[in-house]
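Let's take a walk through this model together, one part at a time. Keep the viewer open as you read.

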Number of protein chains: 2
Amino acid sequence: MAEKRYSPLVGAIEAGGTKFVCATGTGPHDLTRATFRTGDNPAQVLSAVSGWLAEQQHQCGSLQAIGIASFGPVDLNPHSPTYGHITSTPKPGWRNTDIVGPLRRTFPGVPVGFDTDVNGAALGEYRWGNGVGLTDLVYVTIGTGIGAGAMAGGQLVHGLVHPEMGHMPLPHVSGDTFAGVCPYHGACWEGLCSGPALLKRTGMPAEHLPPDHEAWVLETQYIAYALANLVCVLSPQRIILGGSVRKAGQLGQERLFRMIRTKLQAVLNGYIVSPALDEGIDNYIVPPLLGDDAGVCGAIALAQQAIG
Amino acid sequence: MAEKRYSPLVGAIEAGGTKFVCATGTGPHDLTRATFRTGDNPAQVLSAVSGWLAEQQHQCGSLQAIGIASFGPVDLNPHSPTYGHITSTPKPGWRNTDIVGPLRRTFPGVPVGFDTDVNGAALGEYRWGNGVGLTDLVYVTIGTGIGAGAMAGGQLVHGLVHPEMGHMPLPHVSGDTFAGVCPYHGACWEGLCSGPALLKRTGMPAEHLPPDHEAWVLETQYIAYALANLVCVLSPQRIILGGSVRKAGQLGQERLFRMIRTKLQAVLNGYIVSPALDEGIDNYIVPPLLGDDAGVCGAIALAQQAIG
């Protein structure tokens, strides 16, 4: 019983652009899950998600809270009339979609925690992964898009809207003629380094690229510039790099991380003096300990936070 | 008396690379101050500062705390043996200088608040200036160097060391052949946009540059890139832009700010949807309400925070 009180049974929704991963449980080692295609009909998927959570509740006992870690942009301002909505997404069917509301109506009285997918993943790693014991960290995902969630002083960063780190402007590598794929910014971080950017640049998906392909050199250089920006602006104690592109296919995750670490050190050039950026660099830029579960575990953590 | 309890009399030190501005008082409208040249002999200036504060205490009553907002890099980790030191500065005489220690020895039992100069200024604006009522803001100073302090969720951002935002890498404007002046990074933000960078680029100090000089076009473009980075990473509710360069001599502060605002909007290109970045842009990028007093007021606020 005591265990149960400290890790209450909650529901979790990782709302992604391709799929919704739902779970009930208490943490990464106690998860029951189901996956639903995001599609272009929000009412349908939200109804399926609610139905599955209700069924789980029937089988396993009351959910003490529900956490949602969502793709965005989302409205996180609790005083806003559109709090809990996905707002200006270009994703067909999902613009201005209330996702917190339908859950609240299905589970009246159950607290709902809501944040961005990347803030969720940052919180998941903070609670159970490579962020345990830290107060300042960034979780980056590089996949179909690029996003990042940050914790500063033990609190997730929200601000005016929420961070959109994937869209930071970056230096262009001399001689690189690729214009980037971001419809808004061309060669912002996401425009240069996302999965679709790699595909457009090389004609191949990341997992098929030969390990010695020049695109990996550029990819890691731009990631190093972006991480240098994060180091300069947020001074995180660690950067956790997730998403599909970081697995780096034939190159391999370990080699990709080594390239990024070396290039980050070259960009910073010794200006910021800290063992973490010097001999500790292998523990400074790391993959998520929770792997692809960082998001859904983050939604569990968001739910548990909503109880407090 | 009630007033006094809410705004206790404290001592403040804004430790800058050129001068130390010291004050006693309770806030921006109640300051007695003195200025000392920083020079290259820390023991001398710290002794003068302590002496002046002790004399003020003798005349005005007990100082309830002392706040120090210092140039850096500084060690802000209270568990570190070099907490309260200026660490790896290239400034002659000041490397590895303990500044909190001598104050603590002169004023035993008096709490000492200690942070970076820019975090101090951010806190000062938050307490009495253009940050009142906000939770997420950035204070930028562009002068001899470039630095910025950030508040996220109502707390100053510290992290691994502390932010060094002036050293973020930036896109290079096409056709601009200037290599920048940063000894570590060449064309980082500080290397491109600080006062010495403008001087090196044009042969003239900022205050003598004609308003139609092309350097202002480049200066504002690079500042816009840097502020776009801050918006993407921290999502501040407002950015306060201080320092000497922002006064912009013959061009004038108001025109400089208009150029920066327009270019920031062009860089972001409507991706982040918020009235603050659209029709509210004039209130989004603003000068400090406390003007050149942001730093010393910040030191007052750091002192008051140290009491709590």
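Which residue of E7(B) does Ser70(B) stand opposite? The partner of Ser70(B) is Thr116(B). Please keep in mind throughout that this model is predicted.

**The sheet of chain B**

That pair belongs to two strands, E4 (residues 66-70) and E7 of chain B, which run parallel to each other and are joined over five bridges. They are part of an open sheet of five strands in chain B, with mixed pairing and the order E3-E2-E1-E4-E7. At the edges stand strand E3 (30-37) and strand E7 (112-116) of chain B; each has a single partner strand, so one side of each is left without a neighbour in the sheet. On average, and with direction ignored, neighbouring strands of this sheet are turned by 15° against each other.

Two helices of chain B meet this sheet. Helix H4 (residues 117-128) packs on it and touches strand E2 (19-27), E4 and E7 of chain B. Helix H9 (residues 294-307) of chain B lies across strand E1 (10-15), E2, E3, E4 and E7.

**The sheet of chain A**

Chain A has an open sheet of five strands too, ordered E3-E2-E1-E4-E7, again with mixed pairing. Its edges are E3 and strand E7 (112-116) of chain A, and since each has a single partner strand, one side of each is left without a neighbour in the sheet. The twist from one strand to the next averages 15°. Strand E4 (residues 66-70) of chain A pairs with E7(A) in the parallel sense over five bridges, and Ala69(A) stands opposite Asp115(A) in E7(A).

In chain A, helix H4 (residues 117-128) lies across strand E2 (19-27), E4 and E7. H9(A) packs on the sheet and touches strand E1 (10-15), E2, E3, E4 and E7 of chain A. Here are the directions of these helices in both chains:

| Helix | Reference strand | Angle |
|---|---|---|
| H4(B) | E7(B) | about 110° |
| H9(B) | E1(B) | about 135° |
| H4(A) | E7(A) | about 110° |
| H9(A) | E1(A) | about 135° |

**A helix pair in chain B**

Two packed helices are described by the angle between their axes and the distance between the axes. For helix H6 (residues 195-202) and helix H7 (residues 214-234) of chain B, the axes come within 11 Å and cross at roughly 145°. The crossing of H6(B) and H7(B) is right-handed. From H6(B), the contact is made by Leu198(B), Arg201(B) and Thr202(B); from H7(B), by Ala215(B), Trp216(B), Leu218(B), Glu219(B) and Tyr222(B). Among the residues of this contact, five are nonpolar, one is polar and two are charged.

**Where the chains meet**

How many residues does each chain bring to the contact? Chain B gives 42 residues and chain A gives 42 residues. About 3,500 Å² is buried between the two chains, with carbon and sulfur atoms giving 65% of that area. On the chain B side, Leu160(B), Val233(B) and Tyr271(B) lose the most area to chain A, and together they account for 22% of what that side buries.

**Salt bridges**

Across the interface of chain B and chain A there are zero salt bridges, while the count over all chains comes to 11. One salt bridge joins Asp293(A) and Arg33(A), whose closest N and O atoms are 2.8 Å apart. Asp293(A) lies in the loop between strand E12 (285-286) and helix H9 (294-307) of chain A, and Arg33(A) in strand E3 (residues 30-37) of chain A, so the pair ties together parts that are 260 residues apart in sequence.

Definitions and conventions:
Residues numbered from 1 in each chain as written. Chains lettered and ligands numbered in written order. Predicted model: local features only at pLDDT ≥ 70, side-chain atom pairs only at ≥ 80, totals over all residues. Heavy atoms only, no water. Axes fitted to C-alpha atoms, helices over the stretch in contact; angles between N-to-C directions. Helix = DSSP H or I, 4+ residues; strand = E, 2+ residues; numbered from the N terminus. Left-handed = near helix turned anticlockwise from the far one by under 90°. Contact = heavy atoms within 4.5 Å. Nonpolar A, V, L, I, M, F, W, Y, C, P; charged D, E, K, R; others polar. Pairing = 2+ DSSP bridges. Buried area = accessible area lost by both parts, 1.4 Å probe. Salt bridge = Lys/Arg side-chain N within 4 Å of Asp/Glu carboxyl O.
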